[in-house]
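Student: Please take one part of this model and go through it closely. I would like a single connected account rather than a list.

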Amino acid sequence: MNEAPGCLTVPAMIIVVPIRLLWELVALIGRLVGRYVLRPIGWLLYQCLIRPVAWLARVLVIIPLRWVAEEILAPLIRAVHRHLLRPIGRALAWCLTIVLLPFAYAAHWIGRGLAALWRAAWPLLAALGRGIAFLWRLAGIVLFHLLVRPARWFWRTFLRPILRALAWAWRVTVLTPARWVRVNVLKPAGAAVRSVFRALGLDTRRP
């Protein structure tokens, strides 16, 4: 029972220790390669390729472009702005002022005239609106007194009593006698006829 861990430890050490030693060796080789191979190669590439290319780009491209921009383009742009664009802008502004000034003047006076006309017409329009409202109310009052009230009075005084009297007369002279005849004459007569037919065997209805 006590020898089992030893049996497992020896194979584990036989497998793990070589792998660990191999890993340490690979790591050491990687550090040596990075320090003594890759770093010198990178420094050599920077000094021999990247730095000269950057210097050439600065000397052959950036400095000439800066000189062109500062010594040629900037003065040219200032001259064009001063001697061409500014006079053209002033001439256009002057032309627009000459062309638009009469329209602006006319629009100003037209606006003042319309405002004055509105101020003059507003009392008339207000009075007209009040007159129309008064006539509307007056027409409503006249129609109410000439049509609605007489119609209401005629309905309450004549038409409704006449209709009620006709309904009462119809109920008394027609409906009530008809109901009495149906209950007291027709139903007993029908029952008697059915009894006679049944006695004679002439009743064809099923029992």
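**A charged patch and its setting**

Tutor: The protein chain contains one helix and zero strands. This is a predicted model, and the part to look at is a positive surface patch made up of Arg149, Arg152, Arg156, Arg160 and Arg164. Arginine 164, one of these, is found in helix H1, which covers residues 4-199. Arginine 164 has a relative accessible area of 57%, so it counts as exposed, the cut-off being over 50%.

The charge content of the whole chain gives the patch its context. The protein chain carries 28 positive and 5 negative side chains, and the centres of these two sets are 44 Å apart.

A second residue of the helix serves as a reference. Valine 80 also lies in helix H1. Its relative accessibility is 31%, so valine 80 is classed as partly exposed, the class between 20% and 50%. From valine 80 to leucine 38 there are 42 residues in sequence, and their C-alpha atoms are 56 Å apart in space.

The overall dimensions complete the picture. The radius of gyration of the protein chain is 61 Å, whereas a compact globule of 207 residues would have one near 17 Å. The C-alpha trace spans about 140 × 110 × 40 Å along its principal axes. Of the 207 residues, 0% count as buried. The protein chain exposes about 18,800 Å², and 75% of that area comes from carbon and sulfur atoms.

Key. Residues are numbered from 1 along each chain as its sequence is written. This is a predicted model: local features need pLDDT of at least 70, side-chain atom pairs count only at pLDDT 80 or more; totals for chains, interfaces and linings use all residues. Side-chain values use heavy atoms; hydrogens and water are left out. Patches are made of residues with over 30% relative accessible area and no salt bridge: like charges are joined within 9 Å, nonpolar side chains (Val, Leu, Ile, Met, Phe, Trp, Tyr) within 5 Å. Accessible areas come from the Shrake-Rupley method with a 1.4 Å probe; for residues, only the protein chains shown count as cover. A salt bridge is a side-chain nitrogen of Lys or Arg within 4 Å of a carboxyl oxygen of Asp or Glu. Lys and Arg count as positive and Asp and Glu as negative; His and the chain ends are not counted. The place of a charge is taken as NZ of Lys, CZ of Arg, CG of Asp or CD of Glu. Helices (H or I, at least four residues) and strands (E, at least two) are DSSP runs, numbered from the N terminus. Buried means under 20% relative accessible area, exposed over 50%, partly exposed in between (1.4 Å probe, protein chains only). The radius of gyration is taken over C-alpha atoms; the globule rule is 2.2 Å times the number of residues to the power 0.38.
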